[in-house]
Amino acid sequence: MSASVKSDPETAPNNGVDQDAAQLQLNRSWHFIESFAASFCALNFIGGVRSVFFLGLLAGGPAAMWSSYIITMFFMFITAAVLAEICSALPLSGSIYIWAAESAGPKYARFVGVVVAWWTCTAWMTFSASNCQTTANYIVSLLAVYEIDFPGGITMDNVKWRAFIWAISEGLLIVSVAMNYLPSRWYSRVFKFSLGLMMLDFFLCVIWLPIANTSIAIVAASRLIFAVARDGVLPLSWWIGRVSRDGQPRNAVTVMYVFGSALLCVILASNVAFTSLVSAGGIPTIAAYGLIGLLRLTMTPNSFRSTKFRLGVFRRPMYAATAFFQAIVFSVMVSPFFFPVTAQSFNFAGVILGAVTIFAIIMYFVTPEDKWLRPETVRQALAAGDLTSSESASIAKPDHE
């Protein structure tokens, strides 16, 4: 159930692991700085601030910016509290799909877990692709700054201009993915360099080397995809869920490149590819947040008593607020950007999520129940989440029904 990969003492010999087991274990040589950089740099919140201001001022103006910011902060703090409650009760080294599954209770845990796992993988893979396009947009904006002419004009209505941005985006994706094939001891330097670069970017507010942001995002995403594939709920899981000789999930990185490269091709056909990719990278996570709030409200409102962040009497209103706000954000991000809607201005973010959800449901039915998130495993986790601190000391007894 956990997404971390550890050797099994019952199956591995004392003098090491066999070849098959070795191919299922990630290299664990990174330390605190690398672990921090993997999250800090992958999220790229500094570059995201610039996108927020750009899109916010373009779409609504200053008044809409500050008012929306205050409302969003209020509800996102509530969402963070709801997530902290279940995460502290189940401190698993997995991803959000584990907590979403447990929020659904034993009956629907497998179904919710599979769907949210697919959503999460899609979110991270799409984010990497959209990050490359964001970087390409910043680069080509220099043509407008220096008043350099481009055949057909610098506009998304010009297919030549879109092809130009697409080519740069694909090139950035190749470079970012290629960095993930470095040996782990070399890639540690990329982490540290990216962290320093983000600090420099914070003070100067200038994109210096956005490839390093994207490359770190691929690191985080590839490990998530590896974990989900190792659990057997992705196509070709037997291949994706294996690592190289030095313990790196390079097959997962390859999958990310194929997916991202194909996704960037929409730039050629769509005038709103940038905003659609940004939405497609966000709505799976938003949907997962809202789903957890809804499930905590309706399915497991009194569970996870062992949490260190218990919401007490405010839990039900906060669960409802989380589901309500994330539903609003979701509906906005899947809505059309321009009216009337045409083939070139169609926001395809909802189509991506819908297709991914359908594939996830198919995998739910074809994946045997005893292969992933067995009901007894879910019940044991729920029971552990309800133990008090004094009771947790004697948790060793298995659940016999």
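**Group meeting: a walk through the helices**

Okay, let's start with α12, which has 26 residues and runs 37 Å from its first C-alpha to its last, close to the 38 Å expected at 1.5 Å a residue. Before I go on, remember that this is a predicted model. Now, α12 does have a bend of about 30 degrees, at Gly282, and there's a proline, Pro284, following within four residues. The helix is also mostly covered, with 19 of its 26 residues buried.

Let me zoom out for a second. The protein has 15 helices and zero strands. It has 401 residues, and 46% of them count as buried. If you take the contacts with a separation of 6 or more, 78% are between residues 24 or more positions apart. As for the surface, the protein exposes about 20100 Å², and carbon and sulfur atoms supply 69% of that.

Back to α12, and to charges. Side chains of opposite charge can pair when their charged atoms come close. How many salt bridges does the count come to here? One. The partners are Glu85 and Arg296, and their closest N and O atoms are 3.2 Å apart. Glu85 sits in helix α4, residues 62-89, and Arg296 in helix α12, residues 273-298, so the pair ties together parts that are 211 residues apart in sequence. And are these two buried or exposed? Glu85 is buried, at a relative accessible area of 0%, and Arg296 is buried too, with a value of 0%. Buried here means under 20%, so at 0% Glu85 makes that cut.

Next, the nonpolar side. The largest nonpolar core has 73 residues, and the members that touch the most other members are Tyr97, Val114, Val116, Trp118, Trp119, Ile225 and Val228. Which helix gives the largest share of this core? That's α6, residues 105-145, with 15 residues. Pick out Trp119 on your screen: leaving aside neighbours within four places in sequence, its contacts are Pro284, Ala287, Ala288, Leu291, Leu353, Val356 and Thr357. You've met Pro284 already, as the proline that follows the α12 bend at Gly282. Apart from the big core lies another one, of eight residues, including Ile78, Val82, Met318 and Ala321.

While we're on buried residues, have a look at Ser222. This serine lies in helix α9, residues 211-230, and Ser222 is buried, with a relative accessible area of 0%. What does Ser222 touch, not counting residues up to four places away in sequence? The list is Pro249, Ala252, Val253 and Met256.

Last stop, the backbone. Most residues other than glycine have a negative phi. Two residues I'd like to show you go the other way. One is Leu236, which isn't a glycine but has a positive phi of about 60 degrees. You'll find Leu236 in the loop between α9 and α10, with α10 covering 237-240. The other is Phe304, also not a glycine, with a positive phi of about 65 degrees. Phe304 is in the loop between α12 and α13, and α13 covers 315-333.

So where do those two side up on burial? Leu236 counts as exposed, at 52% relative accessibility. The cut-off for exposed is over 50%, so Leu236 passes with its 52%. Phe304, on the other hand, is buried, with a relative accessible area of 0%.

That's my tour, thanks for listening.

Terms used: Residues numbered from 1 in each chain as written. Predicted model: local features only at pLDDT ≥ 70, side-chain atom pairs only at ≥ 80, totals over all residues. Heavy atoms only, no water. Salt bridge = Lys/Arg side-chain N within 4 Å of Asp/Glu carboxyl O. Helix = DSSP H or I, 4+ residues; strand = E, 2+ residues; numbered from the N terminus. Buried < 20%, exposed > 50% of the residue type's maximum accessible area, 1.4 Å probe, protein only. Expected span 1.5 Å × (residues − 1). Bend = angle between axes of the 7 residues up to and from the residue. Contact = heavy atoms within 4.5 Å. Core = buried A, V, L, I, M, F, W, Y, C linked by side-chain atoms within 4.5 Å. Areas by Shrake-Rupley, 256 points an atom, 1.4 Å probe, with all protein chains shown as cover.
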